[in-house]
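Here's a fold to look over strand by strand and helix by helix. Have the viewer open and follow along.

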Amino acid sequence: NDENKPLPESDDFKRCMFSLAAEQAQKLIPANRTLQTAGAGYSEGAVLHEPISSKNAANRLSQTQSPDEALFTHAANILSPYAITAETETYLRAAGPFGPLPDMETVVGVNSKIYSSRLLARIGEKRYGMEANSTAEMEAIGATLLKRGPYLLKDPFGVSGKGNLLIDSEAMQRRIAEHLHKQEGSGLRVQFLLEPLLPKVTDFSSHWFIRENGEKEFISVQRMMNHQQNYSGSIQADEDFNCKLENAGYFTVIEKALRALAEDGYHGFVCFDSMILEDGEVVSIVEINARKSMGLINAYLNTWWEPYGHTGWLTFLSLGLPEGFTFGKLLQALRESGLLLTAPGDYGIVPLSSNTVMVNEILTRRRIAEGTQNKRGMPKGRLYAAVLGRDDGHRSELVRSLRQMLADLSVKVYN
């Protein structure tokens, strides 16, 4: 948060890149151990995890890992993209070295909800979504769905629930259709996935790695906390939950999907968003994320908590920052309130980001100093944090205390 250091340009922020601090990790690993890896770009001497069959995934999840097991992708200081974007290849060629990456066209295709829906049909599994490639098709399919209840109109490339629109009346559908007709009239293409609003009780995701040769490795299952169709956090699923998925045939479906992804040329990290309905039915594939994910980050964070019998909840808060706010004040308040986790084995809050909190505040100060902005307003930021508690109730209590502490600092919380 040094305000005198030059900030990246706006395009740099879009690259979604991070450098895994493998050199620091090496200091934590005994000399007689070789860093294990769980990703791409392996350096010489790296030892890979034993491949985990999806059918054995639920049983393997219950095994405890020690803190020095693989938390990073590489045994050398190699960049690894969180997601493959248009700028990724150029960035990595300049920064290098880097591991093999799938081509951009493949990544874009796999990330589409249309691909997910077609994949389900391809592997012989039930699918709920119906594809609409024009406004007329959207109206026809939507009218049929509305006879049975509300439905979701999904942007094929919406992320974390953004791009999903709940349609619950003919009047609302007409308003959307009028807007889409205008877009078509200007030469734009319309494409959506329409799905009935399913009576879900649980959102979860499973995380995998596909090697270039098509081999698959299981990483984790994470329960997801969603609010109004939007992602709000992840927590590791327990053994009972994974056993239920195994008995429901979930891992068999995902195994077929992984095989299809490899056949289509995709390799790397992949996350399947899934859910369980009120009647117990498991919807194995809601959508596919051809990238790393928040749940994956939480899975690796848990390698540090698990030896102490703890489970962390990865979440974020969208903040509005008052004048004079600094990240140091946040840390001080966390410490003084007793919320900051300061020792292994304790409970509390672990802040995971600082620049995501402060970047807009710093930019605002500079613009005011340069005369390009007159009013400060209320700069926004996002605090990512791991919440470690005894159980769900205790973790929720810690988050309530965090919200109150932020309110005492005159920080607004929007989510």
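Which residue in S8 is the bridge partner of Ala-132? That would be Phe-192. This pair belongs to the antiparallel pairing of S5 with strand S8 (residues 192-196), which runs over three bridges.

## How far to trust it

Keep in mind that this is a predicted model. The protein has an average pLDDT of 80, and 78% of the residues reach at least 70. Confidence peaks in helix H10 (residues 250-263), with a mean of 96, and bottoms out in strand S2 (residues 36-37), with a mean of 28.

Two stretches call for caution. Residues 6-55 have a pLDDT below 50, and in the model this stretch has 113 contacts beyond near neighbours in sequence. Residues 58-76 also fall below 50, with 67 contacts of that kind. Where pLDDT is low, the predicted coordinates shouldn't be read in detail.

## The sheet

Back to the strands. S5 and S8 are part of an open sheet of four strands, ordered S5-S8-S6-S7, and the pairing is antiparallel. At the edges sit strand S5 (130-132) and strand S7 (164-167), each of them paired on one side only. From one strand to the next, the twist averages 30°.

Two helices lie across this sheet. Helix H6 (residues 113-122) lies across S5, strand S6 (151-154), S7 and S8, and runs at about 60° to S8. Helix H8 (residues 170-185) lies across S6, S7 and S8, at about 135° to S7.

## H7 against H8

H8 also has a helix partner. Helix H7 (residues 135-146) packs with H8 at an angle of about 170°, their axes 10 Å apart. An angle over 145 degrees counts as roughly antiparallel, so that is how H7 sits relative to H8.

On the H7 side, the residues involved are Thr-135, Met-138, Glu-139, Gly-142, Ala-143 and Leu-146. They meet Glu-170, Gln-173, Ile-176, Ala-177, Leu-180, His-181 and Glu-184 of H8. By class, this contact is a mix: six nonpolar residues, four polar and three charged.

## H6 against H10

H6 has a helix partner as well, and here we return to H10, the helix with the highest confidence. The axes of H6 and H10 come within 10 Å and cross at roughly 115°. That makes H6 roughly perpendicular to H10, and the crossing is right-handed.

Tyr-115, Leu-119 and Arg-122 are the H6 residues here, meeting Ala-257, Ala-260, Leu-261 and Glu-263 in H10. Five of the contact residues are nonpolar and two are charged, with no polar ones.

## H12 against H14

Further along the chain, what is the angle at which helix H12 (residues 327-337) and helix H14 (residues 392-408) cross? Roughly 125°, with the axes coming within 11 Å. That makes H12 oblique to H14. H12 passes H14 in a right-handed crossing.

H12 brings Leu-330, Ala-333, Leu-334 and Ser-337 to the contact, while H14 supplies Leu-402, Met-405 and Leu-406. Six of these residues are nonpolar and one is polar, with no charged residues.

Definitions and conventions: Residues are numbered from 1 along each chain as its sequence is written. This is a predicted model: local features need pLDDT of at least 70, side-chain atom pairs count only at pLDDT 80 or more; totals for chains, interfaces and linings use all residues. Side-chain values use heavy atoms; hydrogens and water are left out. pLDDT is the predictor's confidence in each residue, from 0 to 100. Contact means heavy atoms within 4.5 Å. Two strands pair if DSSP finds at least two bridges between them. Axes are lines fitted to C-alpha atoms, for helices over the stretch in contact, and angles run from 0 to 180 degrees between N-to-C directions. Angles under 35 degrees count as roughly parallel, over 145 as roughly antiparallel, 65 to 115 as roughly perpendicular and the rest as oblique. A crossing is left-handed if the near helix is turned anticlockwise from the far one by less than a right angle, and right-handed if clockwise. Ala, Val, Leu, Ile, Met, Phe, Trp, Tyr, Cys and Pro count as nonpolar, Asp, Glu, Lys and Arg as charged, and the others, Gly among them, as polar.
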